[in-house]
Amino acid sequence: MLFRSVLRPDLAGTGIRVAARLVGTIVGLLITGAALSLLGTSTASVLVLLFLSTFAIYMFILPNYSVSTAGITVFAISLFAYLGDPLWTTIDLRLLGTVLAGVLAIVAVYVIPSKTTEVLCAVLAGLADSLSRYADLVRRRAPDDEMAAIRADIAGKRVATGRIVESAATEAYMHRLDPDDAVDILEDMVQAIAIVGVVDLGDR
């Protein structure tokens with residue numbers, strides 16, 4: 001489960017996820033170790049830790065993965081300690097498991113590279129096609145509903161293309177289109193979009 005939670009299609013995404021998981025786990029282990037060493041594993045102290053950790057898990061699972069991971073760690077270690085598992089042995093094993101899962105995830109990204117860049121040329125071509133249609137609609141002074149649709153299309157494809165280009169640069173094998181060239185092409189298209197956008201604004 002831990003391995004699946006940190007693995008992402010590209011090296012950059014996996015590395016960020018692994019780092020966040022490791023930081024959250026270490027913080028959670030430090031909090032749990034200090035709290036249970038001072039307060040003991042009484043029902044009251046464990047319940048307080050479980051309540052606070054559950055709050056952290058659900059409040060931060062989307063906005064901050066490290067904080068959520070710290071909450072998960074506090075919850076798990078507190079519960080194991082309450083059930084009689086040796087505290088520091090459990091902490092050592094949890095830290096070891098997290099480090100090993102992170103290393104395996106990074107290795108997996110290299111050994112089994114993703115197929116992200118197989119669509120790199122396609123998304124660049126799609127953005128170029130939308131840019132061409134945008135310029136044509138501006139030239140023809142198309143109706144507002146058509147202009148709104150093409151602006152939304154351009155914005156969505158610009159974000160998606162940027163993500164794929166960024167992912168391509170971190171994948172550990174050769175591509176049909178060099179990622180550096182893809183960045184240059186994307187930057188040129190962004191500049192072209194800006195120029196067309198200025199004309200679009202001037203026609204309103």
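## Salt bridges in helix α6

In this predicted model, Arg133 and Asp129 pair through their side chains in a salt bridge, 3.4 Å from N to O. Both residues sit in helix α6, and because they are four residues apart, about one helical turn separates them. Neither partner needs to be described as buried: Arg133 has 38% relative accessibility, so it counts as partly exposed. Asp129, at 43%, also counts as partly exposed.

A second pair lies in this helix. The side chains of Arg140 and Asp136 form a salt bridge at 3.0 Å, N to O. Again the spacing is four residues within α6, about one turn of the helix. Arg140 has a relative accessibility of 44% and is therefore partly exposed. Asp136 is partly exposed too, at 28%.

## Helix α7 and the network

Asp153 and Lys157 make another salt bridge, with their closest N and O atoms 3.7 Å apart. Both belong to helix α7, which spans residues 144-168. They are four residues apart there, about one turn. Asp153 counts as partly exposed because its relative accessibility is 23%, and the buried class ends under 20%. Lys157 is partly exposed as well, at 27%.

Salt bridges link Asp129, Arg133, Asp153 and Lys157 in a network. Two of these residues, Asp129 and Arg133, come from α6. The other two, Asp153 and Lys157, come from α7. In general, side chains of opposite charge can pair when their charged atoms come close. The structure holds five salt bridges.

## Ser130, a buried polar position

Ser130 is placed in helix α6, residues 120-140. Its relative accessibility is 0%, so Ser130 counts as buried. Beyond residues up to four places away in sequence, Ser130 touches Ile150, Asp153, Ile154 and Lys157. Two of these contacts, Asp153 and Lys157, are members of the salt-bridge network.

## Nonpolar cores

The largest nonpolar core has 18 residues. Leu124, Tyr134 and Met147 have the most contacts inside this core. Helices α6, α7 and α8 (179-203) each give it two or more residues. The largest share, seven residues, comes from α6. A second, separate core has eleven residues, among them Leu29, Ala35, Leu50 and Leu87.

Met147 shows what one of the central residues of the largest core reaches. Leaving out residues up to four places away in sequence, Met147 touches Tyr134, Leu137, Val138, Ala142 and Asp200. Tyr134 is thus listed both as a contact of Met147 and among the residues with the most contacts in the core. In soluble globular proteins, nonpolar side chains tend to be buried together.

## A nonpolar surface patch

Some nonpolar residues lie at the surface. Leu22, Ile26, Leu30, Leu95, Val99, Val103 and Val107 form a nonpolar patch there. Together they have about 540 Å² of accessible area. Helices α2 (11-39) and α5 (87-111) each supply at least two residues of the patch. The largest share, four residues, comes from α5.

Leu30 is one of the patch residues, and it lies in helix α2. At 59% relative accessibility, Leu30 counts as exposed, because the exposed class begins over 50%.

## Val67 and a long-range approach

Val67 is placed in helix α4, residues 65-82. Its relative accessibility is 30%, so Val67 counts as partly exposed. Val67 and Gly24 are 43 residues apart in sequence, yet their C-alpha atoms are 5.8 Å apart in space. Outside its neighbours within four places, Val67 is in contact with Ala56 and Phe60.

## The chain as a whole

The secondary structure comes to eight helices and zero strands. From the N terminus on, the order is α-α-α-α-α-α-α-α. Of the 204 residues in the protein chain, 38% count as buried.

Contacts with a separation of 6 or more include many between distant parts of the sequence: residues 24 or more positions apart account for 72% of them. The protein chain exposes about 11,900 Å². Carbon and sulfur atoms supply 69% of that area.

How values were computed:
Residues numbered from 1 in each chain as written. Predicted model: local features only at pLDDT ≥ 70, side-chain atom pairs only at ≥ 80, totals over all residues. Heavy atoms only, no water. Buried < 20%, exposed > 50% of the residue type's maximum accessible area, 1.4 Å probe, protein only. Contact = heavy atoms within 4.5 Å. Salt bridge = Lys/Arg side-chain N within 4 Å of Asp/Glu carboxyl O. Core = buried A, V, L, I, M, F, W, Y, C linked by side-chain atoms within 4.5 Å. Patch = residues over 30% accessible without salt bridge, like charges linked within 9 Å, V, L, I, M, F, W, Y side chains within 5 Å. Areas by Shrake-Rupley, 256 points an atom, 1.4 Å probe, with all protein chains shown as cover.
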